[in-house]
Amino acid sequence: MQGYAATENIWRGLRQDPAHEAELRDRAQRFIDRRAADHPTLARHAQLTNGDFDGSFALGLETILDGIEARIGR
């Protein structure tokens, strides 16, 4: 979960212009997409055009909690 929070803090500190942020995310996603054969797992999970940090954090937390729940057998 620290990774999600740290990513948002760093990103928001460096990117203040929403238009520039969207363009940068789009360029980075295209870069990953072009190299999907070399990095299939990254390409499958990368969603760089999604700027919803709160949603990403919630998804990560839910994934961790689901894993804990499955582990303890509830």
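These questions and replies go through how some features of a predicted model get their names.

Me: What kind of model is this, and how are its residues numbered?
Reply: This is a predicted model, in which local features need pLDDT of at least 70, side-chain atom pairs count only at pLDDT 80 or more, and totals for chains, interfaces and linings use all residues. Residues are numbered from 1 along each chain as its sequence is written, and side-chain values use heavy atoms, with hydrogens and water left out.

Me: Where is confidence lowest and where is it highest?
Reply: pLDDT is the predictor's confidence in each residue, from 0 to 100. The mean is lowest in helix H1 (residues 2-14), at 66, and highest in helix H2 (residues 18-34), at 84. The protein averages 78, and 78% of the residues score at least 70.

Me: How do you know that the span of H2 agrees with what is expected?
Reply: Helices are DSSP runs of H or I with at least four residues, numbered from the N terminus. The expected span is 1.5 Å times one less than the number of residues. For the 17 residues of H2 that gives 24 Å, and the end C-alpha atoms are 24 Å apart, so the two agree.

Me: Which residues of H2 are buried, and what puts them on the same side?
Reply: The buried ones (under 20% relative accessible area, with a 1.4 Å probe and protein chains only) are Glu-21, Arg-25, Gln-29 and Ile-32. They cover an arc of only 65° around the axis, so they lie on the same side of H2. The arc is taken from the directions from the helix axis to the C-beta atoms. On the other side, Ala-19 and Arg-34 are exposed, a word that requires over 50%.

Me: Why is the contact between Arg-27 and Glu-23 called a salt bridge?
Reply: A salt bridge needs a side-chain nitrogen of Lys or Arg within 4 Å of a carboxyl oxygen of Asp or Glu. The closest N and O atoms of Arg-27 and Glu-23 are 3.6 Å apart, and the pair forms a salt bridge. The two are four residues apart in H2, and therefore separated by about one helical turn.

Me: What other pair in H2 forms a salt bridge?
Reply: Arg-30 forms one with Asp-26, the closest N and O atoms being 2.2 Å apart. A search of the whole structure finds two salt bridges.

Me: Why is Arg-27 called partly exposed?
Reply: Partly exposed lies between the buried and exposed cut-offs. Arg-27 has a relative accessible area of 46%, so the term applies.
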